[in-house]
Amino acid sequence: MQNPLFAAVLSEMATLLDLENENVFRVRAYQRAAQIIEVLPKDIEAMSKEDLMSIEGIGKGIADKAYEFVKTGRVKEHLDLRKKFPEGLLSLLKVPGLGPRRARLLYDNLAIDSPEKLRLAAAQGRLNQLRGFGKKIEEKIVKGLTLSEETSKRILLWEARSLMQGMLEVVRGMPGVVQAEPAGSLRRGKETVGDLDILCAASRPETVSKKFSAMPFVKQVLAVGPTKVSVLLANNAQCDLRVVDPACFGAALLYFTGSKEHNVALRERAQGLGLTLSEYGLFRLSDRKQAKPLAGKTEEDVYKRLGLQFIPPELRENRGEIAASAEKRLPDLVEEKDIKGCFHNHTLESDGVDSLEDMVKAARSKGWEWYAVGDHSQSLKIAKGLEPSRLKKKLAKLSEAAKKNKDIRVLSASEVDILNDGRLDYEDDLLKRLDIVVGSVHSGFHQPEEQITKRILSAMENPHVDCIAHLSGRLLGKREPYKFNIDKIIERAARTGTALEINGQPERQDLNDVHARAVKDGGAPLAANTDAHSRDQLGFMSLAVTVARRAWVEKKDLLNTKTWPELQEWLKSR
DNA sequence: GCCGTTTTCGGCCCGACTGTTTTCAGTCG
């Protein structure tokens, strides 16, 4: 899969062209193309130039470069551009407050091409000899240097949601606040969140923004105006609060939720209709003073006036949702209330912390109809994986639990390692006795793509294997995914009817949204699992469902929306 | 660089905040 690499090349070209002071629209075209390629479900290697050019935003220029990249592994113009600037200049652009114009000034006049040189020059007071660099800018950049080191880490969605909960309570309790909602990538359910965005409607905006910037949890105020505040929280997470009039809350929520690309596409659509859209509402272009909004109180109103179905926030990434909405063919996204059970959970027999009885009790209180409990297999020693003798004992315990719990069907399961050579960690006659077998890769992460792919493919060929867990093996912010061929795996999963898991652990969220959508489009079954290691972690189902929604997944696409009789039928058919 | 029931040339989303500026450029989302 060359797509991520080529996307990175395009993105860097955009930055370099920007440094060259190229036409901003040319720069934007490269940025846009990079974003498109990054989430393209099809491998560019397998696409013709015509295929590529049929995608909106990709023309002859980019298609030619894609062809060059696939063929030679590089793009000549990219290398030529790189020669013009030293490597460190690109890292300067990551400093908050430093964009291409100022970075170029620093480089041309003071030969500054790294954060270290910048810090030194600032300390020597050499910055303010430059035109446009006053004392304040200098201060801002020095602060930004430290800040970029501290805040470069994105927060996991799970953590961000719980932080947001607290902030919302505070904002909603402020005098004059009518309404407050989370916005930004958190509302869209992205796997990680760069900052926390809150939108609120209030009668007197300036008192809210003032009050907010003085809250005890605010460590530093980055910017404060009458309607917009940016602060750093105690944990170095950035939080933006925007205060608007209740009459335009919908337009503002739309704008503040993003994504940026979705908003741009919406505004372009508005223009085509002779309208203009901003956070203040939808207006006629002829209404210069924006005196009479056509829509703005709710998001639904704005979409409707643009001739669109309401688009759920999880889909707002400009990945075809606007066209689908215009043609009234948006998916009916799965919801957490549709979930009837879960395939992949652990108990204290291996590396969980709660007993089988407690896990079942927790599953029942979620209203599930069935629940599969499985621990790790013998090879995973670090997690106290079960040898065959212990597994057999556990099977007896499970059938006892199944007898005791009439209102929830307790199923026997195991998370079985796919060994380095592709064999499974238990013999077939033992696997046969389990209701659900979940196959996982927990070792050999550094094997070449072909070998890991082969292991997973051969596991799927085993008729006892029902589901493959956390396909990529990634841990967000800690471990990169190993290399595997997603197309081959999806094809095999569709043929063998093996489900691919959407794992709800906050660090995994694996499959990711792009892969999960490709699985759906490829006709293979999906299962949303908590991979819970404690009672509380059954809550991770909400994360798995969020990923599924971002992947355009409907109720019918997820195995664990099946009722117990439906699931029985599926198990029998395997 | 991309795109076209106004156009193959001339457009290309929209606004807030900041700082250094006497009217606006740069950055950010």
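Buried means under 20% relative accessible area and exposed means over 50%, with partly exposed in between. The exercises below apply to a predicted model.

**Exercise 1.** Determine whether Asp64 and Lys60 are buried, partly exposed or exposed, and describe how the two are joined.

*Solution.* Begin with Asp64, whose relative accessibility is 25%, so that Asp64 counts as partly exposed. Lys60, by contrast, has a relative accessibility of 54% and therefore counts as exposed. Next, consider the link between them, which is a salt bridge whose closest N and O atoms are 2.9 Å apart. Finally, place the pair in the fold: Asp64 and Lys60 are separated by about one helical turn, because they are four residues apart in helix H4.

**Exercise 2.** Work out which elements the salt bridge between Arg101 and Asp18 links, and classify the accessibility of each partner.

*Solution.* The closest N and O atoms of Arg101 and Asp18 are 3.5 Å apart in this salt bridge. Arg101 belongs to helix H7 and Asp18 to helix H1 (residues 3-19), and the pair, 83 residues apart, links distant parts of the chain. Arg101 is partly exposed, because its relative accessibility is 41%, whereas Asp18, at 17%, counts as buried.

**Exercise 3.** Explain where Gln447 lies and which polar contacts its side chain makes.

*Solution.* Locate Gln447 first: this residue sits in the loop between strand E12 (436-440) and helix H20 (449-461). With a relative accessibility of 13%, Gln447 counts as buried. Then turn to the polar atoms, where the side chains of Gln447 and Arg455 are joined by a polar contact of 2.9 Å, and where a polar side-chain atom of Gln447 lies 3.4 Å from the backbone oxygen of Asn420. Beyond neighbours within four places in sequence, the contacts of Gln447 are with Asn420, Ile452 and Arg455.

**Exercise 4.** Describe the protein surface near DNA strand B, including its residue classes and the backbone atoms that approach phosphate oxygens.

*Solution.* DNA strand B is surrounded by 47 residues, the closest being Gly57, Gly59, Gly134, Arg267 and Tyr280. Of the atoms of DNA strand B that come within 4 Å of the protein, 73% belong to sugar and phosphate. Sorted by class, the residues of this surface are 18 nonpolar, 14 polar and 15 charged. Polar backbone atoms also approach phosphate oxygens of DNA strand B, at 2.7 Å for Gly99, 3.0 Å for Val224 and 3.5 Å for Lys136. Among the elements that give two or more residues to this surface are helix H4 (60-72), helix H7 (100-110) and strand E5 (218-224).

Definitions and conventions:
Residues numbered from 1 in each chain as written. Chains lettered and ligands numbered in written order. Predicted model: local features only at pLDDT ≥ 70, side-chain atom pairs only at ≥ 80, totals over all residues. Heavy atoms only, no water. Near = heavy atom within 4 Å. Polar contact = N/O pair within 3.5 Å; in protein donor to acceptor, adjacent residues only side chain to side chain. Nonpolar A, V, L, I, M, F, W, Y, C, P; charged D, E, K, R; others polar. Buried < 20%, exposed > 50% of the residue type's maximum accessible area, 1.4 Å probe, protein only. Contact = heavy atoms within 4.5 Å. Salt bridge = Lys/Arg side-chain N within 4 Å of Asp/Glu carboxyl O.
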